[in-house]
Each structure stands twice: as C-alpha cells, then as structure tokens.
Amino acid sequence: MSGILVSWQYRDVFLWGVANTLSLVLGCLVLSVPLGILGAIMLTEAPAPLRRLFAELVDLLRCVPFLLLAYVVYYGLPELGLRLDPWWAGLVSLTLYNTAYLVEIFRAAFLGIARDNIEAAQAFGLSRSLLYRRIILPQVAITAAPVIGNQVITTIRDSALLMIITVQELTFAANFVSANAFAPFAPFAAAVGLYLLMSLAIEAGVRRMERMRRVRYG
Amino acid sequence: MTWPAIRTILDGALVTAALSAISILLSLPMGLLLALLRWRRIPVIEGLLAAFVTIVRATPFVTLVLFVYFVMPAIGLELDPVPAAILALTANTAAFSSEIWRAALQAFPRDQREAAIAFGMTDTKVFTRIVFPQIWRASLGPLVSEVTILLKCTPAVAVIGVVEITRAASRVGAETYEPLPPFLLATLIYTVLIAVLVRSQRVIERRLARRMGLTPL
C-alpha cells in the first residue's frame with residue numbers, strides 16, 4: 001500500500017517520464033513517416049542498382065538491435081563534431097531505426113494497391129506526383145494503418161531502451177522512483193500500467209481507421 | 001582496441017548466444033502451451049492468459065527486465081541477474097509466440113480434428129499425430145522472426161548487470177575512455193548474428209513452400 005502512496009508522491013516524475021516518452025514517439029513519427037514514404041517511393045521508382053543498394057541498407061538497419069544503434073549515435077555523433085543532449089540523440093536514433101521499418105511497411109502497401117487503379121490514373125494522364133498524392137497515398141494511409149499502429153507500439157517499447165543513454169522517459173522515471181523510495185513494486189507496476197494505456201489508446205485509434213476503411217471501401 | 005578488449009566482447013557474445021538459446025528452448029514450447037490452454041477456452045484461465053499476453057506485449061522489454069529483477073525479490077523470489085534475464089526473455093517470447101501458435105491453431109481445419117476423433121483417437125494423440133505436425137510448419141517462418149526479435153531484445157538485459165555483448169562493450173568503453181569502437185564492434189557482431197537468422201528464415205520459408213506447397217506467411 002505504502003508503495004502506491006510513494007508513487008503518487010512522485011507523480012511529477014512519472015508525468016515528466018510520460019511527457020518525454022510521448023514527445024519522443026510523436027517527434028519520431030512526424031519525422032519518420034514522411035521519410036518512410038520517401039524511402040518507399042525511392043524503392044519503387046529508383047533505377048535498379050540504386051534500388052538494390054538502398055534495399056540492402058534498409059535490411060541492414062533492420063538487423064541492428066535498437067539499443068546498439070542508440071549507443072552508436074550517442075557516442076558517434078560527438079566524434080563527427082555534433083554534440084547532442086540525450087533526448088536529441090534518442091530522437092535521432094529512434095527516427096533512423098523506425099524509418100527503416102516504415103519504408104518496408106509502405107513499400108508492401110504500395111505493392112498491395114490494385115494495378116488497375118494505377119493504370120487507370122495513368123490513362124487519365126495524371127502526373128507522377130498527382131498519382132501518388134491522389135491515388136496511392138490515400139489508399140496506403142488506410143490499408144497500412146493497422147501495421148503502422150503495431151509499429152508505433154514497437155516504437156514506444158523501443159523508446160524505453162533510451163533510459164540507458166540517460167533519457168528521462170517513463171522507464172527511467174520508474175527506475176528513479178523505485179531506487180529513491182526503496183519501493184520496488186508500485187513504481188514499475190505504474191509504468192507498466194501507463195504503457196498499457198498508451199498501447200490501448202493506439203489500438204483504439206487503429207480500430208477507428210479500420211471502421212473508416214470499411215465504410216469507404218467496403 | 002587491444003586484443004584483451006576484443007576477447008572481452010567475444011566472451012560477451014558467448015553469453016548472449018547461451019542466453020538466447022536457453023530462452024528459445026524454454027519459450028517456444030511455453031508459447032505453444034499457452035496457446036493450447038487458450039484454445040481449450042477454460043473460463044478463468046482464458047481471461048488470465050489473455051491479460052498476461054496483453055500486458056507483456058504492451059510493456060517495453062527493459063521495463064519487463066527491471067520488473068523481474070527488482071520486483072520478484074519483493075514476493076520472495078530472489079534471482080541472480082542471469083536467471084532473471086532468462087525469465088524475462090522467456091516470458092516475453094512466450095507471450096509473443098503464443099499469438100503465433102494461436103493463429104495457426106485457429107486456422108487449423110476443424111474437419112480433420114473431427115475425423116480423428118471419429119476414428120477414436122485420444123486428445124493427446126490427435127495433437128501429436130494430426131495437429132502438431134501441421135502447425136509447426138505453418139508457424140515456422142513467424143517463429144524464426146520472433147527468435148530474431150528475441151536476439152534483438154537481449155542487449156536490454158545489460159541493465160541488470162548481465163555481462164553479454166553490450167555490457168562487455170560498455171565496460172571496455174569505460175576502461176579505454178573510447179566508447180565508440182567497442183560499440184561498433186558489438187553492433188557488427190549482432191548484425192552478423194541477426195542477418196544470418198533472417199537469411200535462414202528466408203531459406204526455410206522457401207523450402208517449406210516448395211515441399212509442402214505452403215505459401216510463406
């Protein structure tokens with residue numbers, strides 16, 4: 001019981017942790033969704049040798065454990081003369097990592113679009129950029145929504161690893177409270193509960209998109 | 001980097017490999033067991049297992065590791081870092097793989113089971129002779145990719161002091177005041193290990209597709 005009270009006393013720390021986790025995930029999405037779309041367009045449009053190189057690069061990035069990428073970014077950027085504080089280093093590594101997965105997700109969604117849609121658009125003389133803006137991307141946004149939702153949950157899970165490079169996100173907060181208050185259970189249970197809330201919220205969002213798709217496309 | 005430093009990291013690689021191997025051997029059958037229990041739809045247990053899977057799937061792996069290591073002693077289960085790491089890895093992968101097994105079980109044709117029961121097979125026999133030989137093939141691809149994810153999770157156990165690749169690399173970095181080279185070497189080792197697994201997944205899927213006429217999931 002006392003553990004719960006202690007956690008409540010430290011609620012500011014938890015809120016700060018949630019704020020950092022959410023701001024990292026949102027920042028990462030704002031950056032990596034456009035980058036992922038660009039990458040997927042490149043993977044479908046670029047000439048063959050460039051495409052193969054890019055595909056290998058994306059595959060390679062998906063083989064690196066996120067924590068190691070975060071370490072390499074955190075310790076590597078200063079070597080290149082760019083000194084970032086932990087939050088920014090975290091954002092850079094989270095974005096880099098997430099983009100690799102989003103490129104694959106968007107590419108798969110591009111491939112899933114019915115060919116006749118594209119051919120019809122071309123027959124109507126739509127320019128390439130109009131084809132993407134009006135025909136491909138709106139469909140992709142809706143068909144890829146569940147997979148992107150899963151990816152967002154993965155991003156939230158990955159962001160917890162950033163505690164190791166001292167980003168003060170939710171797991172960092174739980175660890176801090178448990179070490180300072182000598183109460184192991186409640187702080188971690190609170191963190192798990194907050195993570196659960198976040199992922200339930202995302203699943204609810206995905207379900208709404210799903211309903212929208214059923215209304216629009218049957 | 002000096003040779004002893006590289007040796008430290010390679011020793012860490014052995015620990016990572018051993019941790020992953022043990023966790024895989026424990027978690028895949030456990031995932032199957034969870035899926036089978038949920039398949040049976042036993043009222044209270046079904047709800048409990050669903051809650052367990054939902055919570056583990058929403059919890060970041062580091063948080064799970066810290067939870068196991070710091071909270072288990074409070075309920076009287078004092079664990080050293082290595083067993084705690086194995087427990088966390090196993091719980092995580094069991095939860096995720098149970099969903100894979102469950103999907104395969106749900107897709108399993110009902111009529112086959114009914115036919116087997118009509119032939120007077122016992123439940124155990126239906127499972128060992130009819131169900132299992134088919135579902136493991138259908139689940140192999142997704143399970144291998146789950147194993148890849150497990151390997152990618154292992155660096156997180158460094159937080160509770162297990163000296164695997166990542167911990168060894170940060171130790172070397174702390175001693176030499178040059179953290180970047182050991183972390184680059186560590187990244188390289190992981191990437192090679194995981195790339196091998198990913199490639200083998202592709203090969204396995206293609207072989208199965210050719211032999212059984214199954215489409216890779």
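Before anything else, a word on terms: when I say helix I mean a DSSP run of H or I with at least four residues, when I say strand I mean a run of E with at least two, and both are numbered from the N terminus. With that in hand, we can take residues 185-206 of chain A, a span that is 100% helix and 0% strand and whose end C-alpha atoms lie 32 Å apart.

What we are looking at is a predicted model, in which local features need pLDDT of at least 70 and side-chain atom pairs count only at pLDDT 80 or more, while totals for chains, interfaces and linings use all residues. Residues are numbered from 1 along each chain as its sequence is written, and chains are lettered from A, with ligands numbered from 1, in the order in which they are written.

Let me turn to confidence. The pLDDT is the predictor's own confidence in each residue, on a scale from 0 to 100. For chain A the mean is 90, with 99% of its residues at 70 or more, and for chain B the average is also given as 90, with 97% of the residues scoring at least 70. Within chain A, the lowest confidence falls in helix H1(A), at a mean of 80, and the highest in helix H2 (residues 11-45) of chain A, at 94. As a general caution, where pLDDT is low, the predicted coordinates should not be read in detail. For the complex, the predictor gives an ipTM of 0.83 and a pTM of 0.86.

Now the chains themselves. Chain A has ten helices and zero strands, and its C-alpha trace spans about 70 × 50 × 25 Å along its principal axes. Chain B comes to eight helices and zero strands, and its C-alpha atoms fill a box of roughly 70 × 45 × 25 Å, again taken along the principal axes.

The UniProt record adds some labels, which are given in the numbering used here, with feature names shortened, and which may be inferred rather than shown by experiment. From an unreviewed entry, "domain: ABC transmembrane type-1" is listed for residues 18-206 of chain A, a stretch that in the model is 83% helix and 0% strand, with its end C-alpha atoms 21 Å apart. The annotation of that name for chain B, also from an unreviewed entry, covers residues 13-198, where the chain is 82% helix and 0% strand and the end C-alpha atoms are 18 Å apart.

UniProt, in an unreviewed entry, also marks "transmembrane region" at residues 13-41, 53-75, 87-106 and 185-206 of chain A. Of these, residues 53-75 of chain A are 83% helix and 0% strand, with end C-alpha atoms 26 Å apart. In chain B the feature is placed, by an unreviewed entry, at residues 12-36, 48-72 and 180-198. Residues 48-72 of chain B are 88% helix and 0% strand, and their end C-alpha atoms lie 19 Å apart, whereas residues 180-198 of chain B are 100% helix, with ends 26 Å apart.

How do helices pack inside a chain? In general, two packed helices are described by the angle between their axes and the distance between the axes. Here the axes are lines fitted to C-alpha atoms, for helices over the stretch in contact, and angles run from 0 to 180 degrees between N-to-C directions. In chain B, helix H3 (residues 61-71) and helix H4 (residues 81-107) pack at an angle of about 130 degrees, with their axes 9 Å apart. The two, H3(B) and H4(B), are therefore oblique to each other, a word kept for angles that are not under 35 degrees (roughly parallel), over 145 (roughly antiparallel) or 65 to 115 (roughly perpendicular). Among the residues making this contact are Phe61(B) and Leu64(B) of H3(B) and Pro81(B) and Ala84(B) of H4(B), where contact means that the C-beta atoms, placed from the backbone, lie within 7 Å.

Finally, the contact between the chains takes 28 residues from chain A and 28 residues from chain B. On the side of chain A that touches chain B, helix H4 (66-79), helix H9 (170-181) and helix H10 (185-217) of chain A each supply at least two residues. The residues of that side of chain A divide into 21 nonpolar, five polar and two charged, counting Ala, Val, Leu, Ile, Met, Phe, Trp, Tyr, Cys and Pro as nonpolar, Asp, Glu, Lys and Arg as charged, and the others, Gly among them, as polar.

Note on methods:
Two residues are in contact if their C-beta atoms, placed from the backbone, lie within 7 Å.
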